[in-house]
Amino acid sequence: MTNNKDIKALLSIAASALLGSGVATTSTVQAKEVDEWQFDGAFLLYSEVDRVTASEVILAGSRTFENDEVLNLKLTVDVLTGASANGAVAQPNAQTFTRPSGNGQYVTPAGETPLDDTFHDTRVQLNGQWTQPLAGNITGSIGGHFSKEYDYLSLGINGNLAYDFNKKNSTISMGLSYFQDTFTPEGGIPKPFSSMLVGDSSSHEWDSEFAKTRIGSSENKGTTDILIGFSQVINRRMITAFNYSYSMVDGYLTDPFKIVSVLNAEDLAQDYIYENRPDSRVKQSSFMQAKYHFDDHLFNTVVDVSYRYMWDDWDINSHTIDSRFNIPFGRASYLEPHIRYYQQSAADFFQPFIIEKQTPVSYVSADYRIGEMTAVTIGAKYGLVLNGGNELSFRLEYYRQMPTNAGLTEPETLNGLDIYPVVEAVIAQVSYSF
Amino acid sequence: MEVNKFTFKQLDQPKQPSMAKIKLVLLITVITNLGACSSLGVEPWERDLLAKKSMALTSSPVDSALDDHIYFSKEASSGGKNFGGGGCGCN
């Protein structure tokens, strides 16, 4: 416990110093500040079978001031390694691809889904949010976001206003956010529809030939989100929330690492071209949530059920149902099973491959993440309240993505090959609140 | 006879509600529902269960942030509950 308090004291002083509010000048003030910071720390491991592994650490601090102003600060660091599907389709023979950087090649064995195993990235993210009561029953909030990876920079701001009425049983809120992202991939931005250069990367002509498939070194995109929300307390045991959101993304929405296989009359890959997505996307979603606190007969379980319907102008629509059941055990621990179901339709320009003789298209992507898919998450969290009110929790979940055929006729040559491979992942997390 | 026939035809035609009327009905429904909200809710001293951490709309913001990052990276949808935003060049 002493160590615990020491860590909390150190973090509190560090947070105060960062804010420029100064390390406390007297021991009395210092003690008061230490008491006011609350921290949440978490370590998460996300590991896909044969693909990406991500480790993520979050440290979030929250401090409430005299007049109910709340400051939230959050630091996130994650490391990504492993392999990611490059978009090309499995073939009856081995396939050779050039790495996105242009430095070297990799070979995918016959019958396997092509994966680029060069992904390695570290991301640091900082978030700050200031919330305070304004006039009457109105609460205002502003925040900032900074995120940096080796090849990616994201800056964001947001603002939110909430109005409480009906004895604070009803709340209407409206929020705005804007993100500006800059992508600087190693190897540059590929020219849409240009053929991936495959060959001897140590030859003299390689660099100049590779450069012909590039159109620049970086690209940007801007995201504007509007979120309108309404929450309502129904009775002593139930609360509900309804949201509508409108999101506009403009700029470079193509994934520079993704390619599309071009198949010949025998359905064999003759070429791989870089994908091309529209430079704008408008997404809308409606979200509803209900939480209900059962009584002793059902172990005081809290049920949390939500549903989201999302639709966009790429012709993708999705349904998400998320449910958690918080079951307390005595006063000091709880178990929280979690089930999530997700289903999406394909973007209108999604194609798992292109047939050589087909009519040219304006946009194409074989990225399964914008194809038709069903995904399920199942798992549980176990939480333990320790002496002094600190909470330790463990979460273990299984995530399964099941891409499906959106109605395309599969060529005979590809029969028996896994064109829509299942992706499985384990999510393991340890959290500590102090 | 002709007059009677005309009257008969007019009665037989189904009335098409105009867009304005549909909007009015929708507006009245929404206002009525909002009005009904005033009878919903609790008194301040009845908030014992609602005040519990497990009853907060987002009971664990850290779990929520981690989940948002995973699903943003792996699926075509994001946001809804919070801002969907940009933020990473996820693979």
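## A walk through chains A and B

Visitor: Leaving aside neighbours within four places in sequence, which residues is A:I427 in contact with?
Guide: Happy to start there, with the reminder that this is a predicted model. Within chain A, the partners of A:I427 include A:R395, A:L396, A:E397 and A:Y399. A:L44, A:L45 and A:Y46 are also in contact with A:I427. From chain B, the list is completed by B:I70 and B:Y71.

Visitor: Which residues have the most contacts inside the largest nonpolar core?
Guide: A:I427 turns up again here, in a core of 32 residues. With A:I427, the residues that have the most contacts inside this core are A:Y46, A:I316, A:A347, A:I370 and A:Y399.

Visitor: And which element gives the most to this core?
Guide: Chain A offers β1 (37–48), β2 (53–64), β21 (373–385) and β23 (423–433), each giving two or more residues. Chain B joins them through α3 (61–74). With five residues, the element that gives the most is α3(B).

Visitor: How many residues are in the other core, apart from this one?
Guide: Good thing to look for! That core has A:Y106, A:L263, A:A269 and A:Y420 among its members. Its count of residues is 16.

Visitor: How much area do chain A and chain B bury between them?
Guide: The size of an interface is often given as the accessible area lost when the parts come together. Here 82 residues of chain A are in contact with 47 residues of chain B. Carbon and sulfur atoms hold 53% of the buried area, and the total is about 5,100 Å².

Visitor: Which side chains meet in a salt bridge at 3.2 Å, N to O?
Guide: Between chain A and chain B the count is eight salt bridges. The pair you are asking about joins the two chains, with a side chain from each: A:R324 and B:D67.

Visitor: Which strand gives the most to the side of chain A that touches chain B?
Guide: By class, that side has 30 nonpolar, 28 polar and 24 charged residues. Nine of the residues on that side come from the strand that gives the most, at residues 219–235: β12.

Visitor: What share of the contacts in chain A with a separation of 6 or more comes from residues 24 or more positions apart?
Guide: First, the setting: chain A has three helices and 23 strands, and its C-alpha atoms fill a box of roughly 75 × 50 × 40 Å along the principal axes. Buried residues make up 47% of its 434 residues. As for those contacts, the share from residues 24 or more positions apart is 61%.

Note on methods: Residues are numbered from 1 along each chain as its sequence is written. Chains are lettered from A and ligands numbered from 1 in the order in which they are written. This is a predicted model: local features need pLDDT of at least 70, side-chain atom pairs count only at pLDDT 80 or more; totals for chains, interfaces and linings use all residues. Side-chain values use heavy atoms; hydrogens and water are left out. Contact means heavy atoms within 4.5 Å. Buried area is the accessible area (1.4 Å probe) that two parts lose on being put together, summed over both. A salt bridge is a side-chain nitrogen of Lys or Arg within 4 Å of a carboxyl oxygen of Asp or Glu. Helices (H or I, at least four residues) and strands (E, at least two) are DSSP runs, numbered from the N terminus. Ala, Val, Leu, Ile, Met, Phe, Trp, Tyr, Cys and Pro count as nonpolar, Asp, Glu, Lys and Arg as charged, and the others, Gly among them, as polar. A nonpolar core is a set of buried Ala, Val, Leu, Ile, Met, Phe, Trp, Tyr and Cys residues joined through side-chain atoms within 4.5 Å. Buried means under 20% relative accessible area, exposed over 50%, partly exposed in between (1.4 Å probe, protein chains only).
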